[in-house]
Amino acid sequence: MNIGKKWNIDEVIYLNKRRERSYKTDAMILAQRKFGEADKLITILTRKYGKKTIIAKGILRNTSPLVYHLDSLNFSNLLISRGKNLDIVVQANVINSFESIRTSYGKLSQAMYLLELVDKFTVENSDNHNVFDSVVATLNRINDNEDLLINVRLFELSLLKSTGFLPEFINCLECLKPTDSLNSRINFNKGGVLCISCSGNDSENIIISPTSIKIIRAMLFEKYEMIKKIKINKEIHQDVESILNKFILTNLNAPMKSQKMLDSFD
């Protein structure tokens, strides 16, 4: 802009509209798929704009500077131009590619599972700042070699809570009274725990171990610094994983593509 020039109102409106046509944002790259001969559709999660599908034009050409920066699992800063149907990524720079995760098949399989969960449990253009903060924090901790499975379970609970699908793990679904961890039953279709008095003889009511329900409750209400100090044996880890996985699949009503990676890791 020329200093000293007098701008009329039409020129100011035009310049403001030009600025509004593009925006910068930090984004987790959740997924991508081919679109046409040389383009890709990129699914991203941002703190301000939620989940979006954008287009990366010419990314499949050898000369494209976008390939590395828009790889799935990258945390990148993007310059995006607003389009008529789809917004277009113009520039991209990696902030964190989570190299420690990429060099470990166990970590990578769990990380791709988390990204798929985010994609399936969120909708386009909705407010997902809690989910965004949670997935970035979780991937950072996993990348820094903090306990993998504890962080995956914590993220599952956080995601279920943020998206409104968190099962009831404290009060009985029937009488609404706090359930005793020693005598709790769990019903995946009803969405939570039942006390022994209300559980009856329903074959869908499954006994949950006292230790498992205590661990889940701790993960829900205690601070991370305390949770990471808890020693959880393999059997309890598997039990908690199974419980959360069943609730997740009950809500999704669809298989997870990343499950093959997880199965091969196990």
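In the hairpin of β4 and β5, I80 stands opposite V89 of β5; helices and strands are DSSP runs numbered from the N terminus, with helices (H or I) of at least four residues and strands (E) of at least two. Another bridge partner pair links L79 with Q91 in β5. Strand β4 covers residues 75–81 and strand β5 residues 87–96, and the two are paired in the antiparallel sense over 7 bridges. Strands are taken to pair if DSSP finds at least two bridges between them. Between β4 and β5, the hairpin leaves 5 residues.

The model is a predicted one, in which local features need pLDDT of at least 70 and side-chain atom pairs count only at pLDDT 80 or more, while totals for chains, interfaces and linings use all residues. Residues are numbered from 1 along each chain as its sequence is written, and side-chain values use heavy atoms, with hydrogens and water left out.

The same hairpin strands belong to a closed barrel of 5 strands, which runs β1-β2-β3-β5-β4 with mixed pairing. From one strand to the next, the twist averages 50°; angles run from 0 to 180 degrees between N-to-C directions, and axes are lines fitted to C-alpha atoms, for helices over the stretch in contact. Strands β1 and β4 run antiparallel and are joined by 7 bridges.

A useful place to look at this pairing is S22, which lies in strand β1. The bridge partner of S22 in β4 is S81. When neighbours within four places in sequence are left aside, S22 is in contact with L79, I80 and S81, contact meaning heavy atoms within 4.5 Å. With a relative accessibility of 32%, S22 counts as partly exposed; the class lies between buried, under 20% relative accessible area, and exposed, over 50% (1.4 Å probe, protein chains only). The C-alpha atom of S22 is separated by 45 Å from that of G192, with these positions 170 residues apart along the chain.

Two helices can be placed against these strands. Helix α3 (residues 105–121) lies across β1 (22–35), β2 (39–46) and β3 (50–56), and runs at about 100° to β1. Helix α4 (residues 129–143) packs on the sheet and touches β1, β2, β4 and β5, its direction making about 75° with that of β1.

Further along the chain, attention turns to packing between helices. Two packed helices are described by the angle between their axes and the distance between the axes. Helix α5 (residues 148–162) and α7 have axes that come within 10 Å and cross at roughly 70°. The pair α5 and α7 is therefore roughly perpendicular, the term for angles of 65 to 115 degrees, whereas those under 35 count as roughly parallel, those over 145 as roughly antiparallel and the rest as oblique. On the α5 side the contact is made by I150, R153, L154 and L157, and on the α7 side by I216, M219 and L220. By class, the contact of α5 with α7 holds 6 nonpolar residues, no polar ones and 1 charged residue. Here Ala, Val, Leu, Ile, Met, Phe, Trp, Tyr, Cys and Pro count as nonpolar, Asp, Glu, Lys and Arg as charged, and the others, Gly among them, as polar.

Helix α7 (residues 210–221) also packs with helix α9 (residues 234–252), at an angle of about 65° and with axes 9 Å apart. Helices α7 and α9 are therefore roughly perpendicular to each other. The contact involves T211, S212, I215 and I216 of α7, together with I236, D239, V240 and I243 of α9. This contact of α7 with α9 comprises 5 nonpolar, 2 polar and 1 charged residues.

A second set of strands forms an open sheet, with 3 strands in the order β7-β6-β8 and antiparallel pairing. Strands β7 (192–194) and β8 (206–207) stand at the edges, each with a single partner strand, so one side of each has no neighbour in the sheet. Strand β6 (residues 185–187) is joined to β8 by 2 bridges, and the two run antiparallel. The bridge partner of R185 in β8 is I207.

Taken as a whole, the chain has 10 helices and 8 strands. The C-alpha trace spans about 80 × 40 × 35 Å along its principal axes. Of the 266 residues of the chain, 44% count as buried. Among contacts in the chain with a separation of 6 or more, 57% are accounted for by residues 24 or more positions apart.
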